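Here are some exercises to work through at your own pace. Try each task before you read its solution.

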Amino acid sequence: MRTDRLRRTAALLVALAAVAALGADCAGEGGTDPPPAPPANLAFLDVEASRAVLDQITPAVQRFYSYDFQRLDEHEQEIMAVTTARFWSDIAPTLEIVREVAPRKQIVVTATVVAASLRGLEPSRAELLLFVNRSTTQAGAPPQPDATSIVVTAAQIGPVWRIDGLELV
Amino acid sequence: MSATARVLVLAALVCLAASQGCASTADGGALPVVGNSTAELRDESVQVAEQAAVALTSLDDRDGEAGYDRLLELLTGPARQEWEQRRAELGSDTTTLDSVATTSGVAAFDPAAATSTVLVAVTTTVSTEQGATPEERRHRLQLSLISTPAGWKVSQLQFVE
């Protein structure tokens, strides 16, 4: 009787030890390991956010580069609506030059984004590569076409993506 | 069944369940693992697009047929047919072309359909044999890629005007 009880107890202890060892293996293989870090670049992994930034920044860049010497006030208001405050202050000197030169030369610029892509996407920042075609007319001169590649840094403020930097490449 | 046998069967069942749970845990953070491999797939398509854009804009006579071979290796479908035909049509040229991919971005990416569209901006330095000052040209390319058993291949490419 005593022998049987000892045998059952020993079997139970062996079984429990096996389960405990297995549990330790599980912990070692990942049970307590942190999950792998998500990708740093979410471009087209987060499809909804990718579409949102492309859909918002593409027309914003077109508005940014398009202006008519007769509507410069309106143009500045449009730029203010699509840029961050930081970037707005960066470009203020350039806008002053446009305000001075454009009426004198009767400059009209029409910009079109002909292709848009995402270089990188984080939860509230993005970097885009846009191919932009511009047509510039001045008084008495034929239109001058211009094809550029522009890297745009965008920042998300609330639900809205705004231009936070532009670089010709 | 003896008490000892019952204990051992129970222990075996617990071990089995634990081992299945363990496998699932090891595989698991399913989303991050899938996310990372999908990100790698996307990034690989960008690398191949950049290689093809540079190969395409660097074609010259310095290395004879090797340049075309490098380009065609990256192409498939209509793009490959088009450039096989161009290879036969294009004659000798005395210029040398050195290209670098300035930057690139993903315009579309569908891992389920195994397709990707990539924009690449390329800067090419053009030199003539006469030793004139090299000229820099900028190109904008859009490349459509499909994933094949041999990796990403460019199925369509176009210069964006």
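**Exercise 1. A tryptophan in its surroundings**

Where in chain B is the place of B:Trp83? Then work out whether B:Trp83 is buried or exposed.

Before you start, note that this is a predicted model, in which local features need pLDDT of at least 70, side-chain atom pairs count only at pLDDT 80 or more, and totals for chains, interfaces and linings use all residues. Residues are numbered from 1 along each chain as its sequence is written, while chains are lettered from A and ligands numbered from 1 in the order in which they are written.

Step 1. B:Trp83 lies in helix α4 (residues 77–89) of chain B. Helices here are DSSP runs of H or I with at least four residues, strands are runs of E with at least two, and both are numbered from the N terminus.

Step 2. B:Trp83 counts as buried because it has 22 C-beta neighbours inside 10 Å. The cut-offs, with C-beta atoms placed from the backbone, are 20 or more other C-beta atoms within 10 Å for buried, 12 or fewer for exposed, and anything in between for partly exposed.

Step 3. Leaving out residues up to four places away in sequence, B:Trp83 touches B:Leu71, B:Leu72 and B:Leu75. Two residues are in contact if their C-beta atoms, placed from the backbone, lie within 7 Å.

Step 4. B:Ala53 is 30 residues from B:Trp83 along the chain, and their C-alpha atoms are separated by 13 Å.

**Exercise 2. Two chains, two layouts**

Write down the order of elements in chain A and in chain B, then add burial and contact range.

Step 1. Chain A has four helices and five strands, running α-α-β-α-α-β-β-β-β from the N terminus.

Step 2. Chain B has four helices and four strands, in the order α-α-α-α-β-β-β-β.

Step 3. In chain A, 23% of the 169 residues are buried; in chain B, 25% of the 161 residues are.

Step 4. Of the chain A contacts with a separation of 6 or more, 59% are between residues 24 or more positions apart. For chain B, among contacts between residues at least 6 apart in sequence, 55% join residues at least 24 apart.

**Exercise 3. Following the helices of chain A**

Describe how α3(A) packs against α2(A), and then against α4(A).

Step 1. The axes of α2 (residues 47–65) and α3 (residues 72–82) of chain A come within 9 Å and cross at roughly 150 degrees. That makes α2(A) roughly antiparallel to α3(A). Axes are lines fitted to C-alpha atoms, for helices over the stretch in contact, and angles run from 0 to 180 degrees between N-to-C directions; those over 145 degrees count as roughly antiparallel, under 35 as roughly parallel, 65 to 115 as roughly perpendicular and the rest as oblique.

Step 2. The crossing of α2(A) past α3(A) is left-handed, a term for a near helix turned anticlockwise from the far one by less than a right angle, with right-handed for clockwise.

Step 3. A:Ala60, A:Arg63 and A:Phe64 of α2(A) make the contact with A:Glu78, A:Ile79 and A:Val82 of α3(A).

Step 4. Now turn to α3(A) and α4 (residues 85–105) of chain A, whose axes come within 11 Å and cross at roughly 165 degrees. That makes α3(A) roughly antiparallel to α4(A), and this crossing is right-handed.

Step 5. Here A:Leu72, A:Glu76 and A:Met80 in α3(A) meet A:Trp88, A:Leu95, A:Val98, A:Arg99 and A:Ala102 in α4(A).

**Exercise 4. Two positive phi values**

Which residue in the loop between α4 and β2 (108–121) of chain A has its place there, and which one is found in the loop between β1 (96–110) and β2 (115–127) of chain B?

Step 1. The chain A residue is A:Gln106. A:Gln106 is not a glycine, yet has a positive phi of about 50 degrees.

Step 2. The chain B residue is B:Ala114, with a positive phi near 60 degrees although B:Ala114 is a residue other than glycine.

Step 3. A:Gln106 is partly exposed, with 14 other C-beta atoms within 10 Å. B:Ala114 is also partly exposed, with 14 other C-beta atoms within 10 Å.
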